[in-house]
Amino acid sequence: FMSKRKEPKSTNMPRRGGRRLYVGNLPRDIRERELEDLFYKFGRITEISIKNGYAFVAFEDDRDADDAQYSRNGYDFDGGRLRVEFARGDRREREDRGYTGDRSNFRMVLHGLPESASWQDLKDFCRPMGDVLYTHVDRRGDGVVEFKYEDDMEKALDRLNNTEIRSHRGDYATVTVERDDGTYQDGQGPSDRRDDRRDDRREDRR
């Protein structure tokens, strides 16, 4: 099932509400369609404003902006790495994004999350198992959780497999869990790559 792409609103009016991202290290001839291709999967876009070598992209939902910033910062694009940050005035503390400042190797991957699930839903779901350091949810229905202690991760693997999770929007799903073997890429799977961008542009200009 493919969700219909949602077109951004006109960029001529200032944004009201939502979250605004600064996107740097862009080619100077970047087009709006290419930015939309990079960000539309994370949620509803309310603004795309292109400047000289950088742009602003705004989302209607805070959580979607959080996911986009995490997944696209440092992303390989047209021979460079994107710099994606919250625009001035739109920053929150890093722990508000599900990140406490610590990391560990005790990572668990969840599959089959509700489409509306967020990092905060995942953190709430796993917090009864122990100290959660970090959570991330991608748009493929997968997520990752890092625990501070190995025993807490083992408990979660044992107790949360084939259990039901509820999202903040009231959607339910039964998830499966497994130990992360190092292959989970926090939402940056091969299908997201835009390595064919040069070829697309070459075709457009013929």
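Trainee: What relative accessible area does Asp138 have, and is it buried or exposed?

Mentor: Quick ground rules: this is a predicted model, where local features need pLDDT of at least 70 and side-chain atom pairs pLDDT 80 or more, while totals for chains, interfaces and linings use all residues. Residues are numbered from 1 along each chain as its sequence is written, and side-chain values use heavy atoms, with hydrogens and water left out. Buried means under 20% relative accessible area, exposed over 50%, and partly exposed in between, with a 1.4 Å probe and protein chains only. Asp138 is therefore buried, and its relative accessible area is 5%.

Trainee: Which residue forms a salt bridge with Asp138?

Mentor: A salt bridge here is a side-chain nitrogen of Lys or Arg within 4 Å of a carboxyl oxygen of Asp or Glu. For Asp138, the closest N and O atoms are 2.8 Å apart. The partner counts as partly exposed, at 42% relative accessibility. That partner is Arg140.

Trainee: Which parts does the salt bridge between Arg179 and Glu154 tie together, and how many residues apart in sequence are they?

Mentor: The two side chains meet at 2.8 Å, N to O. Helices (H or I, at least four residues) and strands (E, at least two) are DSSP runs, numbered from the N terminus. Both residues are partly exposed, Arg179 at 43% and Glu154 at 31%. Arg179 sits in strand 11 (residues 172–179) and Glu154 in helix 4 (residues 150–159), so the pair links parts whose separation in sequence is 25 residues.

Trainee: Which residues do salt bridges that share partners join into one network?

Mentor: The structure holds 13 salt bridges. One of them is Arg127 with Asp124, at 3.3 Å from N to O. As for the network with shared partners, its members are Arg107, Glu146 and Asp180.

Trainee: Moving to the sheet, what is the order of its four strands?

Mentor: Two strands pair if DSSP finds at least two bridges between them. The pairing in this open sheet is antiparallel. Strand 2 (45–50) and strand 6 (83–86) are the edges, each pairing on one side only, and the twist averages 20° from one strand to the next. The order reads 2-3-1-6.

Trainee: What is the bridge partner of Gly24 in strand 6?

Mentor: Start from strand 1 (residues 19–24), which pairs with strand 6 over four bridges in the antiparallel sense. Look across from Gly24 into strand 6 and you find Arg83.

Trainee: What angle does the direction of helix 1 make with that of strand 2?

Mentor: Helix 1 (residues 32–39) packs on the sheet, touching strand 1, strand 2, strand 3 (55–59) and strand 6. Axes are lines fitted to C-alpha atoms, for helices over the stretch in contact, and angles run from 0 to 180 degrees between N-to-C directions. With strand 2, the angle is about 135°.

Trainee: How many residues of helix 1 are buried?

Mentor: The helix is mostly covered. Its buried residues include Glu34, Leu35 and Phe39. Out of eight residues, the buried count is six.

Trainee: And how many residues of helix 2 are buried?

Mentor: Helix 2 (residues 62–72) is mostly covered too. What covers its buried residues includes strand 1, helix 1, strand 3, strand 6, helix 3 (119–126) and strand 8 (132–137). Of its 11 residues, the number buried is eight.

Trainee: Which residues have the most contacts inside the largest nonpolar core?

Mentor: A nonpolar core is a set of buried Ala, Val, Leu, Ile, Met, Phe, Trp, Tyr and Cys residues joined through side-chain atoms within 4.5 Å. This one has 20 residues, with at least two each from strand 1, helix 1, strand 2, strand 3, helix 2 and strand 6. A second, separate core of 19 residues includes Leu122, Cys126, Ala156 and Val177. In the largest core, the residues you want are Val23, Leu26, Leu35, Phe39, Phe59 and Leu82.

Trainee: Leaving aside its neighbours within four places in sequence, which residues is Leu26 in contact with?

Mentor: Contact means heavy atoms within 4.5 Å. On that basis, the partners of Leu26 are Leu35, Gly53, Tyr54, Ala55, Phe77 and Leu82.

Trainee: What phi does Asn162 have?

Mentor: Most residues other than glycine have a negative phi, and most peptide bonds are trans. Asn162 lies in the loop between helix 4 and strand 10 (163–166), and it counts as exposed at 53% relative accessibility. Its phi is positive although it is not a glycine, at about 60°.
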